[in-house]
Amino acid sequence: MRTYHHAKAMAKSLREELGRRGTALSHGECLEIVARLFGLDNWNVLSARLATSPEPAPAVPLERPAGWIVSGSKPQLYEAGIDPATPHGGGRAALIRCRYAEDDPTYAAMEKGFATLMQSIAAAPYRGKRVCLSAELRSRDVVGAATLWLRADAATGRSVAFDNMEERSVDGPLTGTRGWTGRRIVLDVPETAESLHFGFYLRGSGEAWAGGFALREASPEDGEAARARISPAPVNLDFAEPSRGTGTAR
C-alpha cells in the first residue's frame, strides 16, 4: 500500500471481483475490509496513516523497447516502456501504467481509454496456419483490464481475425493485483491476411507488466486455448447481462 488513492482502488477492485462472484458489498464495506487486511481496526485509521505517510519516490521514466510502438485510444493517459526494476527471464519486463488513480479527480473528468505496446509484422509466414501468442502478465491495482491481444488484417486494413481475451470467462484479462500469470491466444490466420499485430494493453487505471513474449505456430496442445471463447451451452439469451469486454486494440 502506497497512497490513499491506491487503498481506494484496492477497495474498488475488491468490490468488483466480489460482485462478479455474486456477493454485493458497498464501497464503504470494502474499504473496511482493506483496512483489516492491513491489521488496522477500520478505514478511518488506515486513511489517517496514509495521509501522514511520505510520498513515494517519483517513478523512473520508461524507455520504449526497440521494435515496439506505443498506441491505443488514449495513450496520453499512460506511460509505457521497459521497467528497469523488473527482470523477467533473461531480459526485462515491459510496463504500462496509468498516470492517474481511478478516483483521481483529473482522471475521473477524462474520457477513459487504453494504451498498448505492440508490434506489426508481415502475415505471409503464418497464412493458413494456426498461431499461438503467449506471454506472462502481472498487474497492480488494475481497475479495467490487462491483457494480450492478437489481430490479423487484410490488405485493406480490415480485421480478418482477432482476440483480446476480454470475452473469456476463464483465463482472461487480469484485474486487481496479480502475480506473474501465463496467458496465450491461439488464432487461425486466414489466407487473406497481409499483416499481424500483437502486444499487450492496459485499459483503465493501475499498472500492468508483460514479459516472455513468443509468437509461433501453434501445437496440437495449444488448440485448447482456441476454444476458450466457446461456451459449452447458450448463454445470456435474454440480454440481461452486459459484456465486460470491449473492442479494445482493434
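How many disulfides does a search of the whole structure find? In this predicted model, the search returns zero disulfides. Two cysteines of the chain can nevertheless be placed with respect to the surface: Cys98 is buried, with a relative accessible area of 11%, and Cys132 is likewise buried, with a relative accessible area of 0%.

Nonpolar side chains were examined next. In soluble globular proteins, nonpolar side chains tend to be buried together. The largest nonpolar core of the model comprises 34 residues, and those with the most contacts inside it are Tyr78, Ile96, Leu148, Leu150 and Phe200. At least two residues of this core are supplied by each of strands S2 (78–88), S3 (91–98), S4 (114–122) and S5 (130–154), and also by each of S7 and S8. The greatest contribution to this core comes from S5, which gives nine residues. Another core, of ten residues, lies apart from the 34-residue core, and Val34, Ala35, Leu40 and Trp43 are among its members.

Aromatic contacts were considered separately. A pair of aromatic rings is described by the distance of the centres and the angle of the planes. Five aromatic pairs were counted in the model. In one of the ring pairs, formed by Phe114 and Tyr201, the centres lie 5.3 Å apart and the planes stand at 55°, so the pair is classed as tilted, since planes under 30 degrees apart count as stacked and those over 60 as edge-to-face. This pair links distant parts of the chain, with Phe114 in strand S4 and Tyr201 in strand S8, 87 residues apart. Both rings belong to buried residues, the relative accessible area being 11% for Phe114 and 0% for Tyr201. Ring pairs also link Trp68, Phe198, Phe200 and Phe213 into a cluster, and Phe200 of this cluster is one of the residues with the most contacts inside the largest nonpolar core. A contact between a charge and a ring is found at Trp209, where the charged end of Arg138 sits over the ring, 4.2 Å from its centre.

Charged side chains were then analysed for pairing. Side chains of opposite charge can pair when their charged atoms come close. The count comes to twelve salt bridges. One of them joins the side chains of Arg151 and Asp153, with an N to O distance of 2.8 Å, and both Arg151 and Asp153 are buried. A salt bridge with an N to O distance of 2.8 Å is also formed between Arg168 and Asp163. Here Arg168 has a relative accessible area of 7% and Asp163 has a relative accessibility of 3%; because buried means under 20% relative accessible area, Arg168 counts as buried, as does Asp163.

The salt bridge between Asp222 and Arg184, at 2.6 Å from N to O, links distant parts of the chain, since Asp222 lies in the loop between strand S8 (193–217) and helix H5 (223–226), whereas Arg184 lies in strand S7 (residues 174–188), 38 residues apart. The two partners fall into separate accessibility classes, Asp222 being buried with a relative accessible area of 4% and Arg184 partly exposed with a relative accessible area of 29%. Elsewhere, salt bridges that share partners join Glu17, Arg20 and Arg21 into one network.

Methods: Residues are numbered from 1 along each chain as its sequence is written. This is a predicted model: local features need pLDDT of at least 70, side-chain atom pairs count only at pLDDT 80 or more; totals for chains, interfaces and linings use all residues. Side-chain values use heavy atoms; hydrogens and water are left out. A salt bridge is a side-chain nitrogen of Lys or Arg within 4 Å of a carboxyl oxygen of Asp or Glu. Buried means under 20% relative accessible area, exposed over 50%, partly exposed in between (1.4 Å probe, protein chains only). Helices (H or I, at least four residues) and strands (E, at least two) are DSSP runs, numbered from the N terminus. A nonpolar core is a set of buried Ala, Val, Leu, Ile, Met, Phe, Trp, Tyr and Cys residues joined through side-chain atoms within 4.5 Å. A disulfide is a pair of cysteine sulfur atoms within 2.5 Å. Rings of Phe, Tyr and Trp (its six-membered ring) pair if their centres lie within 6.5 Å; planes under 30 degrees apart count as stacked, over 60 as edge-to-face and the rest as tilted. A charge sits over a ring if NZ of Lys or CZ of Arg is within 6 Å of the ring centre and within 35 degrees of the ring normal.
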